Amino acid sequence: MNVPSPAPKLPVSLAANPRLSSWVRFTEGRVAISPGKVEIGQGIVTALAQIAADELDVDIGRIEMIRASTAASPNEGVTSGSLSIQQSGRALRHACAEVRQRFLTAASERLGVDASLLDIDDGTIAGPGNVRTSYWELAGDVSLDHDATAGATAKSAAERAIAGHSVQRVDIPDKVFARPRFIHDYALPGLLHGCVLRPDVSGAKLIALNEEAADNVPGLLTIVRDGGFAGVVADSEAAAEAALKALGKGATWSAGEPLPDEDDLASFLRSQPVETDVIDTRTATTDRPAQTLRRQYTRPYIAHGSIAPSCAVAQWNGDRVHVWTHSQGVYLLRADLAIVLKLPAENIVVEHMEGAGCYGHNAADDVALDAVLLAKAAGGRPVRVQWSRHDEMSHAPFGAAMAIEIEADLDAGNEIIGWRHAIWSNGHAARPGRATQPALLAATEIANPYPRMISTNPPAANGGGGDRNSVPLYDLPAWTVMSHRLLTMPVRTSALRTLGAQGNVFAIESLLDEIAALRGEDPIAFRLRHLRDERAKDVIRAAARRAAWKPQKQSGIGHGVGFARYKNMGAYCAAIAEIEGTDDIRVKRLTLAVDVGEAINPDGVINQIEGGAIQATSWVLKERVRFDRSRIMSTSWTDYPILKFSEVPAVDVEIIQRPEIEPVGAGEAAHGPVTAAIANAVYDCLGVRVRDLPITRDRIIAAAELAS
């Protein structure tokens, strides 16, 4: 019996935003492409420009990428989870393919030539007898105010001339030549500056304010107070900072809320009320284990550490407000602003501008509400608010701390016959626009405050949160994976790059290495023996070959391997670390192989893997939010060190290009494998298993003492 093929479906983002004109427009020899995803340094606008140029047969120099705005752009939710290529790229490829076909049909009618005989070269449509027209000549006749249909066919991989090849990033020239592209540099006519007063003590509330303390500050225009929210508006940034300092001296605060013991986070995490979910189980009949290895792994709270603190500009016009922001979800931010302001969403325009560094939910959304509330008192003039470094490191959401316990049952030959993986962690997502209450900081401070949102986890079908990458990819006979999400949140947490994947891959890959060592088996051979997925095997083999695994043992040098498939359904990545263990751990070289399916811009993929590898190195060796029982202490680069340029390892990346396979994102693929590879290299070098991040000299000494 012949089973009919399923009817074709539109890509998810295009199904949600089917109007072709919202994606593509033709203007005076150029093509305006308007995705709903935003540039946060990952090179997405370049890759999307390549896709559009390919499908439309125009030179990439004609493509003008339009910044996301709630006024006109497709609503693609939030730019996160390495999903921009999967969601926006697929939607744009399909939309452009249909636009191309519509114009070929119109050209056929105008030129009297069958559409199959027409070719398009840089937007010029030509046929036999040198008849020709162009997208721009036909633009008045071809309406794109139609919904996309599922029948359009994009080019095959072999037909693409631009996708799959490295091109220069379209966003880089402005940054190199200091043209204002970042929100921090945006200057509107009549621009004013604002600052917001917040406590140093965690959870403290504003009780009283002595406004006269700031009256004599030159340049101060007004003081804004709304319940526990207080701030200043001034004619310069310096004046705003001076006024805020004066205002702070006369402020009275309530007692705060106690913070956990930073040096025993695992006990804190395991003692709190939780919501427990069984993420996955696999059952099998096995013999009684000869032994069970029980290991605990931890990671601390981690700050985003954006190079520039968060910034936003807001301007009111009557009961309407325009916000310029580096939020990763302009529509989601608008939804929360509408709740707080009690305004219809159509009265609010949220427009994206790039910010200098963030992957995840930092304070970009918080500072946007700050600017909106202060701008209410500015008489229609725009107000710019930039948080201080202290603000950013104290009040922005952090990546959640994690305690992970794995029990591995081994038989008499030290083969794995059972596996139990349990996670204790705050939720990893509290972004705006996803609940009936707002997730913005100032919303908890105003006169009629909203409660602080307790972070949740995305569903496992979307990659999960604290449980991300917790289900083994390896062919083990039995396992149980459980997630315990905390229902308390003394430290504010939300999405940080990879969510729980870094912690889970670190734990899984560390224990696998330990078991391989028990067996006296090469750790790469051990992994390959437990994998069925050939793409997984290919990245491990490629990394091993490129790194010449395993070099002859040298004193003070260690090598380690780590592997994961991001979210168990995204990019495959294997990493091999070479470290030097003398006075401190120094990562000398990282060799990685990655498979993202079709790599739209191979240079962009390499950039992302390099960046992720370097950030992971910083997390593994240095990064840890520091706090006492009442306040965050790591509020400067001195207290929260990140990897220096002089400490950056050499990073070598190999792409396994698979143009026939739908592309996935690369932005978060490297973190888990690199973390595990460094930890395993430390053991190879020093013979010490460090299971608590970051891997510092003190942690190594403590682990060595425990082992002895």
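Visitor: Is D57 buried or exposed?
Guide: In this predicted model, D57 counts as buried, because its relative accessibility is 17%, and the cut-off for buried is under 20%.

Visitor: Where is the place of D57?
Guide: D57 is in the loop between α2 (44–56) and β3 (63–65). Its backbone is worth a look too: D57 has a positive phi of about 55° although it is not a glycine.

Visitor: Why bring up the sign of phi?
Guide: Most residues other than glycine have a negative phi.

Visitor: OK, and what about N414, what is its phi?
Guide: N414 is not a glycine either, and its phi is positive, at about 60°. You can find N414 in the loop between β18 (402–410) and β19 (416–425). With a relative accessible area of 14%, N414 is buried.

Visitor: Let's switch to peptide bonds. Which residue does a cis peptide bond join to W549?
Guide: That is K550, and omega is about -5° for the cis bond between W549 and K550. K550 lies in the loop between α13 (534–546) and β21. Another cis peptide bond joins L693 and P694, with omega about -5°. P694 belongs to the loop between α15 and α16 (697–707). For background, most peptide bonds are trans.

Visitor: You mentioned β21. Which strands form the open sheet, and in what order?
Guide: The order is β21-β22-β23-β24, four strands in an open sheet with mixed pairing. At the edges are β21 (557–565) and β24 (650–655), each of which pairs on one side only. From one strand to the next, the twist averages 15°.

Visitor: What packs on the sheet?
Guide: Helix α15 (residues 671–686) does, touching β21, β22 and β23. The direction of α15 makes about 150° with that of β21.

Visitor: And how many bridges join β22 to β23?
Guide: Ten bridges join β22 (residues 572–581) to β23 (residues 585–595), and the two strands run antiparallel. Looking across from β22 at one spot, A575 stands opposite L592 in β23.

Visitor: Now the aromatics. How many aromatic pairs does a search of the whole structure find?
Guide: The search finds nine. One of them is Y135 with W136, an edge-to-face pair with 6.0 Å centre to centre and 85° between the planes. Y135 counts as buried, at 0% relative accessibility.

Visitor: Which residues do ring pairs link into a cluster?
Guide: The cluster is made of F26, F103, Y135 and W136.

Visitor: What about Y186 and W324, how do they pair?
Guide: Y186 and W324 form a tilted pair, 5.7 Å centre to centre with 45° between the planes. Y186 sits in the loop between α5 (172–176) and β7 (192–197), while W324 is in strand β15 (residues 320–325), so the pair ties together parts that are 138 residues apart in sequence.

Visitor: Is W324 buried or exposed?
Guide: W324 counts as buried, at 6% relative accessibility. Its partner Y186 counts as partly exposed, at 22%.

Visitor: Last one: over which ring does the charged end of R270 sit?
Guide: The charged end of R270 sits over the ring of W424, 4.1 Å from the ring centre. You can also look at R497, which lies over the face of Y359 at 3.8 Å from the ring centre.

Definitions and conventions:
Residues numbered from 1 in each chain as written. Predicted model: local features only at pLDDT ≥ 70, side-chain atom pairs only at ≥ 80, totals over all residues. Heavy atoms only, no water. Pairing = 2+ DSSP bridges. Axes fitted to C-alpha atoms, helices over the stretch in contact; angles between N-to-C directions. Contact = heavy atoms within 4.5 Å. Phe/Tyr/Trp six-rings, centres within 6.5 Å; stacked < 30°, edge-to-face > 60°. Buried < 20%, exposed > 50% of the residue type's maximum accessible area, 1.4 Å probe, protein only. Lys NZ or Arg CZ within 6 Å of the ring centre and 35° of its normal.
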